[in-house]
Amino acid sequence: MKSIHTSFVDAVKDIHDGATIMVGGFGLVGIPENLIKALLETGVKDLTIISNNCGVDDWGLGLLLQNKQVKKMISSYVGENKEFERQVLSGELEVELVPQGSLSEKIRAGGAGIPGFYTPAGVGTPIAEGKETKVFNGKEYLLEEGLVADFSLVRAAKGDKMGNLIYNKTAQNFNPMIATAGKVTIAEVEELYEIGELPPDQIHTPSVYVQRLIVGKQEKRIERLTVSE
Amino acid sequence: MNNRERIARRAEKEVQDGFFVNLGIGMPTLVANYISDNKQVVLQSENGLLGIGPYPTKDSVDPDLINAGKETVTAIKGASYFSSAESFAMIRGGHIDLAILGAMEVAENGDLANWMIPGKMIKGMGGAMDLVHGAQRVVIIMDHVNRKGEPKILKKCSLPLTGKNVVNRIITDRAVIDVTEEGLKLVEVMEGFTVEDIQNSTEPELIIAEGLK
């Protein structure tokens, strides 16, 4: 059976200095809010974080940046964060930018035991520097390598005590791949169900990928509230 | 009508009935406002939604439902949600008919630069590098010249590329230009401009389509 935690700090306390972690979410949607805040409390340092974005100045992964806990970010878009900009320009923070489709596929591949794959994204751009290329049917492709992590932090709308997960709407985003690519995957769920209560044919992340579960209440902050008249 | 609206309205004509379309962040997103009710079009959002609907009313905002620009949106009837890997499989695999994107520079061979200005802060390319290779057709919408009045359509891009040889058509506030094997072909001139105006504000030599003068 999976370990079901009641303390977020307990759930992340073995994430060690220098660890590589993957964190689900797109913008602030689908981020494991409480697991991120718990890392702020444990004070773990020199993290390499693989996540599509890096939060905003005062929320999400931006909190770990503010607290200088991040050594390197691997992301596709980091444009909403002034502290990020300051740390990169001052050399405190290393950043590796990866095209979003390549990033999601690198994580998928890592979790699926595939060490590398070819993609056209980035050919002829700065992203291609130092990367092997190969021509298939007259078109050039780049070799991108799979990514894995020591720990993966994901958020799901529903989980059961086996570790099966179901995501809500666009809060799914990077979470399913990230769940597969961590040696230890910790899932923050909005609601936890008994085994057998979730319909097996609706599961997004099968239980085998998830090692720890914890229920949390999220703020679900909105980055760009846009409404019709 | 301002320039952005004029460009967005012209770009709408690129969207055909039955198309699956990805609209980039910023001006391209505006194109959605002008899509004719007579066309059945499905908008894809690379964060994992096929079937973007209008912005929600104040009372129906769902924090778990956003577009790639991180704006709150709704989903149309018949929409689907999926992971980012699935989303880019859909894009990279050629299942999206059209991508409409913005640009800083476009070169005469179809090279596109729209993600980075060296020396300034780098925000990241997001999904642009994947989209330009995956979508069946890539249409760029942008102002014809930059704020200094200099051409943005160049013989060679000066900025780091998003993709090489990826653009099919450029729509600006002044003209519509196709990227062809022979070079850039001027196919439409917007009201208030002449063929000569367009050539004067475009670095490469243009092939002029028959019937334009």
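Across the whole of this predicted model, a search over all chains finds two aromatic pairs. In one of them, A:Tyr118 and A:Phe136 meet edge-to-face, with 5.2 Å from centre to centre and 65 degrees between the planes. A:Tyr118 belongs to strand β6 (residues 116-119) of chain A and A:Phe136 to strand β7 (residues 133-136) of chain A, so this pair ties together parts that lie 18 residues apart in sequence. A:Phe136 also pairs with A:Tyr141: the ring centres are 5.5 Å apart and the planes stand at 80 degrees, so this pair too is edge-to-face. Together, A:Tyr118, A:Phe136 and A:Tyr141 make up one aromatic cluster. A:Tyr118 counts as partly exposed because its relative accessibility is 28%, and A:Phe136 is likewise partly exposed, at 32%.

Another ring, that of A:Trp59, has a charged partner: the charged end of A:Arg221 sits over it, 3.9 Å from the ring centre.

Attention now turns to helix α4. In this helix (residues 82-89) of chain A, the buried residues are A:Glu83, A:Phe84 and A:Gln87. These residues lie on the same side of α4(A), because they cover an arc of only 105 degrees around the axis. Their packing partners in chain A are α3 (62-66), β4 (70-75) and β5 (94-97). On the face turned away from this buried side, α4(A) carries the exposed residues A:Lys82 and A:Leu89.

The surroundings of the helix ends can be described as well. At the N-terminal end, A:Asn81 caps α4(A), with a side-chain oxygen 3.2 Å from the backbone nitrogen of A:Glu83. Following α4(A) comes A:Gly91, whose phi is positive, near 80 degrees.

Conventions. Residues numbered from 1 in each chain as written. Chains lettered and ligands numbered in written order. Predicted model: local features only at pLDDT ≥ 70, side-chain atom pairs only at ≥ 80, totals over all residues. Heavy atoms only, no water. Buried < 20%, exposed > 50% of the residue type's maximum accessible area, 1.4 Å probe, protein only. Helix = DSSP H or I, 4+ residues; strand = E, 2+ residues; numbered from the N terminus. Arc of directions from axis to C-beta. Contact = heavy atoms within 4.5 Å. Polar contact = N/O pair within 3.5 Å; in protein donor to acceptor, adjacent residues only side chain to side chain. Phe/Tyr/Trp six-rings, centres within 6.5 Å; stacked < 30°, edge-to-face > 60°. Lys NZ or Arg CZ within 6 Å of the ring centre and 35° of its normal.
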